[in-house]
Each structure stands twice: as C-alpha cells, then as structure tokens.
Amino acid sequence: MIARFEKISYTQFCEDMKAAHPEFSEDEICLMYEAIELPKRATKGSAGYDFKTPFEITLAAGETVLVPTGIRSWMREDYVLLIVPRSGLGFKYRLQLDNSVGVIDSDYYGAANEGSIKVKMTNDSREGKTVHIPAGGGIAQGIFVPYGVADEEEVTETRTGGFGSTDGGIGDAKK
C-alpha cells in the first residue's frame with residue numbers, strides 16, 4: 001500500500017468550515033461531515049481520485065471559493081499527492097485551482113490541522129459562464145506520484161503546519 005484517505009475529525013472540519021464559510025450553521029456543517037465520501041477512482045484505468053464538495057457551489061465568472069474537503073491522506077514518505085483540476089470543469093468553464101497544482105507532502109498528514117486538504121478554485125470564464133456544482137459533486141482529482149531526492153540532501157526539519165509552513169516566511173514579508 002502506498003496511501004490511504006481518511007476523514008479528518010469533526011472538530012477540525014467544523015473549524016475549517018466556520019473559518020471559510022461562516023454562513024453555514026453547525027447543524028448544516030454536521031450534515032455535510034456525515035455525507036463526506038473518501039476520494040475514489042471512477043474507473044480501473046483512472047489515475048485520479050475524485051475529490052467532492054461537501055456543499056453546493058455556484059460561482060459566477062471571476063468568483064472564488066475555498067472548499068474544506070474534510071479529507072486527509074496518509075502516504076508513504078517517497079510519494080506526494082498532487083491535487084489537479086477536473087478536466088471537464090476546466091475545459092467547459094475555465095474553473096481553475098488557485099495554486100494551479102496542490103502539493104500534499106507525506107508529512108502533512110501529521111500537521112496541527114490533521115492534514116486537512118482544502119481546494120481553492122476560481123471561475124476564470126471569459127464568456128461569463130456560471131459554474132454550478134451540487135453538494136457531493138466532483139471538484140478536483142488527486143494523483144499519487146513517487147518522487148526522489150538528491151543524494152547530498154540531509155533534511156531533518158519536521159512540519160507543523162500547512163500553507164507556507166516550510167518556506168521560511170517567503171510571501172509573508174512585512175513592509
């Protein structure tokens with residue numbers, strides 16, 4: 001086995017949802033959590049595991065949404081999980097991931113936020129199309145990829161957080 005998907009705890013999901021979407025009540029968040037499905041491949045030849053939204057999404061052209069998926073992934077240390085757009089949504093609507101490709105490192109699983117995977121997307125439609133994705137609809141796909149490291153490398157640092165936790169503060173510079 002190289003990897004497995006798990007749900008994060010209800011407490012972490014609730015925290016993620018309240019931070020990203022304060023419009024949802026605790027009861028609504030609880031129902032979303034109960035309905036979360038682990039990512040799976042659609043066919044035996046599929047490389048990607050489909051990630052689904054726990055709530056309905058409607059995005060007009062130029063709008064952005066952050067989706068806490070409620071999922072985390074354990075994987076072998078020599079693998080990475082790449083989160084990429086669903087090709088149909090990108091092709092039809094120019095729905096794009098804000099970071100192009102999400103990189104989920106193996107040590108993110110043990111982060112303080114339980115390795116909670118979030119997907120931030122923007123409708124970049126040039127034709128003014130509105131994207132509608134029902135709750136439980138696919139929003140992205142994850143692909144496990146092996147990787148190698150340079151021979152002379154001896155990294156001993158450990159991860160504690162998520163976004164920006166390993167860059168030494170790059171992008172957070174104060175003016």
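**Strand pairing and helix packing**

Q: What makes β1 and strand β4 a pair?
A: 5 bridges join β1 to β4 (residues 64-75), and the two run antiparallel. Two strands pair if DSSP finds at least two bridges between them, so β1 and β4 qualify. Within β4, Arg-72 is the bridge partner of Glu-6.

The model is predicted: local features need pLDDT of at least 70, side-chain atom pairs count only at pLDDT 80 or more, and totals for chains, interfaces and linings use all residues. Residues are numbered from 1 along each chain as its sequence is written, and side-chain values use heavy atoms, without hydrogens and water.

Q: Which strands are the edges of the open sheet β1-β4-β8-β6?
A: This sheet has 4 strands with antiparallel pairing. Its edge strands are β1 (3-7) and β6 (95-97), since each pairs on one side only. Neighbouring strands are turned by 40° on average, direction ignored.

Q: How do you know that helix α1 packs on the sheet?
A: Helix α1 (residues 10-20) touches β4 and β8 (117-123). Contact means heavy atoms within 4.5 Å. The direction of α1 makes about 160° with that of β4, on a scale from 0 to 180 degrees between N-to-C directions of axes fitted to C-alpha atoms.

Q: Why do β5 and β10 count as paired?
A: 7 bridges join β5 (residues 79-85) to β10 (residues 138-146), so the pairing rule is met. The two strands run antiparallel. One bridge links Tyr-79 to Pro-146 in β10.

Q: What is the order of the open sheet that holds β5 and β10?
A: The order is β2-β10-β5-β7, with antiparallel pairing. β2 (49-52) and β7 (102-105) are the edges. Neighbours here are turned by 30° on average, direction ignored.
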